[in-house]
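Here's a quick briefing to read alongside the model. Have the structure open in your viewer and pick out the residues as they come up.

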Amino acid sequence: MKKIGLVLEGGAYRGIFTAGVLDYLLEQKIFFSYVVGVSAGAGNAISFVSKQNGKVKRVITSKDGGSYFGIKQMIRSKKLLDMDQIIDQYFYQQIPFNFDTFFTSSTECELVVTDCESGQPEYCNAKDSEQQLLMLTKATCSVPLLCKPVAIGTQHYLDGSLSDAVPVEYALQNKCDKVIVVLTRKWEEAPPTDYAKLRPIFNISYHAQYPNLVDVIVKRKETYEKQMKDLTDYVQSGDALVIRPENRSISHFEKDTKKVNAYYDHGKEVMEKRFGELCAFMKAS
């Protein structure tokens, strides 16, 4: 029997589309032997493994959202994006994280982070310990310039999407025979922000200490476009099935709760419509 994995892209609040997809799968009792998440996709990955239907939606749509992002909270925390507050909200407030279910699950779960020194992605086991899980989740969601690098052991890490936004190749080469990939934007929309235009700013912030990181950041758009091309090939060969929005995406930090909720509902609708296709993909030899 072929091993089927789940690959989850990031995208900040756009990840609520993925939450809708995964909540529908939880309702249908569909699980996987391997899940890998990047950035916001990491939050979806661990909530899926902990079988917490509705958790991601509740966190993203919480009225406390302004307490960890924006100018008002920056005055308090000195950070435009307060990852410590996000981690506290995600794991201990709102719907507390189900650590017991997560750590006893048979599903292997990895989160992607970017090593600041090498600029390379690292695929880390999220089940080593509770503290490791917290730090990996914080690191993979830490946006450059908005957040400080996260120290884990002797290394420092930032957003996993900088180096491997959609780790399909890694999953197929190392973990799975086939993968289901959940993306957070429709096909026709533009690729991620072209950080090459901001190279002078990244040079000032990181080049002295992390020159390799700068090189990876400014090539992010080019790397992502190649990943999308490769993903098309994997789909055509039958090694991947892509689930993605059919409607125009919301912004990274969308403030209109109605739009955010609608994007979640869209995720459930798309997955329901394509559920038969997904089942056939999973059963095919």
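What follows goes through the pocket, the cavities, the packing, the cysteines and a few single residues.

This is a predicted model, so keep that in mind throughout. The main open space is a pocket of about 950 Å³, and a search of the whole structure also turns up two cavities of 30 Å³ or more. There are 16 aromatic pairs to look at, and the disulfide count is zero.

**The largest pocket**

- The largest pocket comes out at about 950 Å³ in volume. Its lining has 46 residues, and the ones closest to its centre are G11, A12, S39, V143 and F253.
- Four elements each give two or more residues to that lining: α2 (40–49), α3 (55–60), α5 (83–91) and α11 (220–236).
- Which of them gives the most to the lining of the largest pocket? That's α5, with five residues.
- Sorted by class, the pocket lining has 28 nonpolar residues, twelve polar ones and six charged ones.

**The cavities**

- The largest cavity has a volume of about 50 Å³. Its lining is made up of A19, L22, D23, L26, N44, S47, F48, Q52, G54, K55 and V56.
- Helices α1, α2 and α3 are the elements that put two or more residues into the lining of the largest cavity. The largest share comes from α1, which supplies four residues.
- By class, the lining of the largest cavity splits into five nonpolar, four polar and two charged residues.
- The second largest cavity holds about 30 Å³ of space. Around the second largest cavity you'll find S161, L162, S163, D164, A165, R220, T223, Y224 and Q227.
- Three nonpolar, four polar and two charged residues make up the lining of the second largest cavity.

**Aromatic packing**

- One of the 16 aromatic pairs is Y24 with F275, an edge-to-face arrangement at 5.6 Å centre to centre with 75° between the planes.
- Y24 sits in helix α1 and F275 in helix α13 (residues 275–283), so this pair ties together parts that are 251 residues apart in sequence.
- Are Y24 and F275 buried or exposed? Both are buried.
- For a group of rings, go to F91, Y92, F97, F99, F102 and F103, which form one aromatic cluster.

**Helix α10 and what covers it**

- In helix α10 (residues 211–218), the buried residues are L213, V214, V216, I217 and V218.
- The elements covering those buried residues of α10 include β3 (108–115), β6 (155–159), α9 (199–207) and α11. You've met α11 already, as one of the contributors to the pocket lining.

**Cysteines**

- No disulfides are counted here. For C116, the nearest cysteine sulfur is that of C147, 11 Å away, and C116 is in no disulfide.
- C116 has a relative accessibility of 0%, so it counts as buried.
- Why is C279 without a bond? Its closest cysteine sulfur belongs to C176, and at 18 Å that is too far for a bond.

**Two residues with positive phi**

- Most residues other than glycine have a negative phi.
- K29 isn't a glycine, yet it has a positive phi of about 60°. K29 lies in the loop between α1 (15–27) and β2 (34–38).
- With a relative accessible area of 66%, K29 is exposed.
- S39 also isn't a glycine, and its phi is positive at about 55°. S39 is in the loop between β2 and α2.
- S39 counts as buried, at 8% relative accessibility. S39 is also among the residues closest to the centre of the largest pocket.

**A look at K259**

- K259 belongs to helix α12 (residues 257–273). Its relative accessibility is 46%, so K259 counts as partly exposed.
- Setting aside neighbours within four places in sequence, what does K259 contact? Its contacts are I250 and E254.
- K259 and T104 are 155 residues apart along the chain, and their C-alpha atoms are separated by 35 Å.

Terms used: Residues numbered from 1 in each chain as written. Predicted model: local features only at pLDDT ≥ 70, side-chain atom pairs only at ≥ 80, totals over all residues. Heavy atoms only, no water. Disulfide = S-S within 2.5 Å. Buried < 20%, exposed > 50% of the residue type's maximum accessible area, 1.4 Å probe, protein only. 1 Å grid on protein atoms, 1.4 Å probe; cavity = no way out; pocket = protein on both sides within 12 Å on 5 of 7 lines; lining within 4 Å. Points joined across faces, edges and corners; volume = space filled by probe spheres on them. Nonpolar A, V, L, I, M, F, W, Y, C, P; charged D, E, K, R; others polar. Contact = heavy atoms within 4.5 Å. Phe/Tyr/Trp six-rings, centres within 6.5 Å; stacked < 30°, edge-to-face > 60°.
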